[in-house]
Structures are given as structure tokens and as C-alpha cells.
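Colleague: I am new to this structure and would like a close look at a single part of it. Could you take one helix and go through it with care, along with whatever touches it?

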Amino acid sequence: MIAVELGGWLTASAAGFAAARTWRAAAGRMETVARACHELRGPLTAVRLGLDSGAGNGPLSPAKLRAIDLELGRAALALDDLEAVGTQRTLWRAPEPIDLAQLVSDSVEAWRPSAAEKGVDLRSSWSGASPTVWGDRLRLAQVTGNLISNAIEHGGGVVEVHGSVVEQHGSAVDVHGSVVEQHRSLLEAHGCGARTRARIEVSDTGPGLPAPVPELTCRAQGGRGRRGRGLAIAAAIAVEHGGRLAAAPSVRGARLVLELPAGGWPVAPAGGGAGPDAGGGAGSCAGGGAGSCGGADAPA
């Protein structure tokens, strides 16, 4: 009798675990589809408004054409992501050197018509030379596009996009983990003590974020509302490129900061792919801290 009961309990437990795995897989696929649709809707809207704003004004400028081409590339990438869900394969694209200042400029240009339609003053600036970052250009365009469009839609007023390069000096550490102060200058001369980071800040004069970045990204990953899905996509891609997305203190409105490693060699993907579901499926926030969602708050 005990053996029969134990066998029944094991069978029921196995069935429960199988059902849970199936549900998690289905939830992950649904979230991937939702993100791909989000990434298809935004670029097509930007392209439509861009073409409407240029109608009757003669040929489109080279800057406008680059911007439209960038958003069409994002839309095509979203379709590739949808196809990848159906075939259950991981979409991987080889990293390439990217002029980040040019990418940001094209992304800002793409969203100017949307800003104008909503009465938003969209501004952009860059301090210093343009850094080269390694990665997937269209994936990074997803990041900049989402940050800018979110600021326009949810922030309003004045939206500022500012780029810069920062040097971060850390402790030189040997293979055993001990700090080697006496060799710091030599290591820094070879690029081992200082790290060059490209920083993109997107700020607005709206009401600010309704919750910390990690909470918003977790809500989106858990399917609890559309707000935060763009941030979840941006945060995951930032992590895949060896960087991070964080909220910084601001006197008024929201201020989001994207940091990426500049120069050097390509960063190895952290999760085996840079698709819109990178960084985890619907349940990746469970039991995790702020970093489990690929976002953070209050950067240095």
C-alpha cells in the first residue's frame, strides 16, 4: 500500500514539474512575442511619421534617410525575432565596430517627428570624441530608440539626449585577487587599470519613473502591463553588450543612463544571444535582486 501511494505521489509530482516547465516555456515564448511586437510597432510608427513630415518638402535629407533606414532595420530584426520563436532557435549576429555618436544621432533624428507631434522639445548633444563600441548595431538601436521614445511618450516637455566618454579607474588585481598597488601605473599604461565607458543619458521634464528600473523591467517580464517593456528590452541588451542601464538622480523628471564599454575587442554575449528575450524569460525576476532584471538605479 505504501509503495502504491509513494508511486502515485511521485507520478503526480513529475506531472506537476512537467506542467510547470511547460508553462514557463510558454510564458517565455509569449513574452518574446510581445517584445518583438513592441519592437515592430515602434519603428514603423517612427518611419510613418518621418515620411509624413517629409512629404511635400522635397527630397529627404541624408540624415533623415539614415534615420528611416535604421528604424526599418529594427523592424526587420523584430520580424527575425518572431521567426526565431516559431523555429525555436537563437538569433545571433556577429558584433561589429559601431560609431556610437552617429548611432545616437540617427536614433534622435528618427524620433524627431514623433516628438514634434507630441509637442516635445527633443535635444541632443555629445561631449568629446565619438567612441567606438563593439556589438550589434540594430540591437543597440533598440536601446536608444526605446529610451528616446519612452521619454517622449511618458516624460514630455524637454527631452535631452547627451553622450560622453568617461574613464573609470579601478584597482589593478592579480590572478590571486590581491591588489598590486606597486604596479598600478604600469598596468594602467597597458589599459588594465582604466576602463573607457561610453555613456548615454536620456532625461525628460515629466513626472519621473513610477517605480525603480528593476521593478519596471520585472513587471514587463512577468506580463504585468506594457509599461516597462521597452526598458526591459533596453536593459537586457545593455547587459548583453557588457554594459548596464540605470536610473540616475534628477531634479525633475526621469534620467536614464546607458553605459557601454568603449574600444577594445567585442564583448562575449552573457546569455548566448542578444534577442529581445535575452536576460531571462517571464520568470527570471523571481527570487532575484535588482540585477536579475538587467537594470539598476542610482549609477555612480
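Modeller: Just after helix H3 comes glycine 119, whose phi is positive, near 75°, in what is a predicted model. The helix that glycine 119 follows covers residues 100–117, so counted as 18 residues, and from its first C-alpha to its last H3 reaches 27 Å, which is close to the 26 Å expected at 1.5 Å a residue. At the other end, where H3 starts, aspartate 99 places a side-chain oxygen within 3.3 Å of the backbone nitrogen of alanine 101. Along the way H3 bends by about 40° at tryptophan 111, and proline 113 follows within four residues. Tryptophan 111 is one of the buried residues of H3, and others among them are Leu103, Val104, Ala110, Pro113 and Ser114.

Ala110 and Trp111 also lead to another helix, since both are in contact with glutamate 71, whose place is in helix H2, residues 62–87. Leaving aside neighbours within four places in sequence, glutamate 71 is in contact with Pro43, Ala46 and Val47 as well. Glutamate 71 counts as buried because its relative accessible area is 1%, where the cut-off is under 20%. Its side chain is joined to that of arginine 74 by a polar contact of 3.0 Å.

For the setting of this part, the chain has seven helices and eight strands, and buried residues make up 43% of its 300 residues. Of the contacts in the chain between residues at least 6 apart in sequence, 80% join residues at least 24 apart.

How values were computed. Residues numbered from 1 in each chain as written. Predicted model: local features only at pLDDT ≥ 70, side-chain atom pairs only at ≥ 80, totals over all residues. Heavy atoms only, no water. Helix = DSSP H or I, 4+ residues; strand = E, 2+ residues; numbered from the N terminus. Buried < 20%, exposed > 50% of the residue type's maximum accessible area, 1.4 Å probe, protein only. Polar contact = N/O pair within 3.5 Å; in protein donor to acceptor, adjacent residues only side chain to side chain. Contact = heavy atoms within 4.5 Å. Expected span 1.5 Å × (residues − 1). Bend = angle between axes of the 7 residues up to and from the residue.
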